[in-house]
Amino acid sequence: MKSMHKAAAVAAGVAVLAVGVAAQTIRINGAGATFPNPIYSKWFSEYNKLHPNVEINYQSIGSGGGIRQLTAGTVFFGASDGPMTNEQILAAGFPILHLPTVLGGVVPVYNVPGVSAEFRFTGKVLADIFLGKITKWNDAEIRKVNPGVSLPDAEITVAHRSDGSGTNYIFCDYLSKVSPEFKKTVGVGTSVKWPVGVGGKGNEGVSALVKQTPGAIGYVELIYALQNKISFGEVQNAAGEWVRASTETVSNAAAAAAKAMPKDFRVSITNAPGKDVYPISSFTWLLVALELEALKRVR
């Protein structure tokens, strides 16, 4: 909570400078990642209770949308789970602060009727599923890492994000590190061209697709899987351990990165080394313009 108060204070401060108002209601518009939306909504609400004259309106539209709106000057702050590239910052035309707020984990969620056991996935199995190479739930590669589980001879329906998404970035960043073929075919980005599957907008959309489609698999932020009561599997980490996403295992992924954090805070912690580390973990960032002139043009 303390770190979020600092982040909101930064946004409130720049808003006051931009509009030149004091002791009036200050409305701060932001937009971006759906990944942290549940906790941002809570934190912004709590901040408003402490500071009733400051209203923070956050649109959960995806990381790509947040970057575009910040660049276009339609919001005071953006939010993204994938750091902006040097090219994106250059295109914006003003310096942008990447402010890490929270950590999160992206989990493989699935809906396989008749299977109560918790699935295990290696990075290669996940990559091959999302490349369209593994198409059945009883594929030999899935059976190999799930011994003793009775797997159905059922088609896999891949669900992925249809919008520009930091969750895409995190998931693809991980798969590109563990699968050279995935890196070459799909690559890393907030928006990528998926070889197979159906698209859903936001973590909400992918959650709904998986929940409503027997045989489906997708990827969402941990909180969406928990809120929607969707099954999600353990993932093998760089140390060869089977790890389930949790507050502790995601935090472990950040521990090594914190020791060598770059000055601009743009860092990837997917497939991090170490014991009891969940491998599909990431920071999420607030994006704030650092020039008064850039803030003045917000409309």
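**Group meeting: strands, cores and a pocket**

Okay, let's start with one pair of residues: Ala31 has Gln59 as its bridge partner in strand E2. Keep in mind that this is a predicted model. That pair belongs to a longer stretch, where strand E1, residues 26–32, runs parallel to E2, residues 54–60, with seven bridges between them. How does the chain cross from E1 to E2? The path goes through helix H2, residues 37–50, and the β-α-β crossover is right-handed.

Quick reminder on sheets: strands pair through backbone hydrogen bonds, in either the parallel or the antiparallel sense.

Now for the other sheet I wanted to show you. This one is open, has three strands in the order E5-E10-E11, and its pairing is mixed. E5 (120–121) and E11 (242–243) sit at the edges with a single partner strand each, so each has one side with no neighbour in the sheet. E10, residues 234–236, pairs with E11 in the antiparallel sense, over two bridges. If you want to find that on screen, look for Val235, whose bridge partner in E11 is Val243.

On to helix H5, residues 123–130. Is this helix mostly covered or mostly open? Mostly covered: seven of its eight residues are buried. The buried ones are Gly123, Val125, Leu126, Ala127, Asp128, Ile129 and Phe130. After H5 comes Gly132, with a positive phi near 85°.

Hang on to Ile129, though. The largest nonpolar core has 64 residues, and Ile129 and Ile217 have the most contacts inside it. Leaving out residues up to four places away in sequence, Ile129 touches Phe121, Ile134, Ile142, Ile156, Val158, Val196 and Ile217. Apart from that core lies another one, of 19 residues, and our Ala31 from the start is among them, along with Ala254, Ile269 and Ala289. As background, nonpolar side chains in soluble globular proteins tend to be buried together.

Last stop, the largest pocket. How much space lies in there? About 310 Å³. The lining takes in 17 residues, and Ile39, Leu103, Gly104, Glu221 and Ile223 are the ones nearest the centre. Which elements give two or more residues to that lining? They are H2, strand E4 (96–111), helix H10 (222–227) and helix H11 (247–259). E4 gives the most, with four residues. And yes, H2 is the helix we met in the crossover between E1 and E2.

That's my tour, thanks.

Definitions and conventions
Residues numbered from 1 in each chain as written. Predicted model: local features only at pLDDT ≥ 70, side-chain atom pairs only at ≥ 80, totals over all residues. Heavy atoms only, no water. Pairing = 2+ DSSP bridges. Right-handed = clockwise from strand over helix to strand, strands pointing away. Buried < 20%, exposed > 50% of the residue type's maximum accessible area, 1.4 Å probe, protein only. Core = buried A, V, L, I, M, F, W, Y, C linked by side-chain atoms within 4.5 Å. Contact = heavy atoms within 4.5 Å. 1 Å grid on protein atoms, 1.4 Å probe; cavity = no way out; pocket = protein on both sides within 12 Å on 5 of 7 lines; lining within 4 Å. Points joined across faces, edges and corners; volume = space filled by probe spheres on them.
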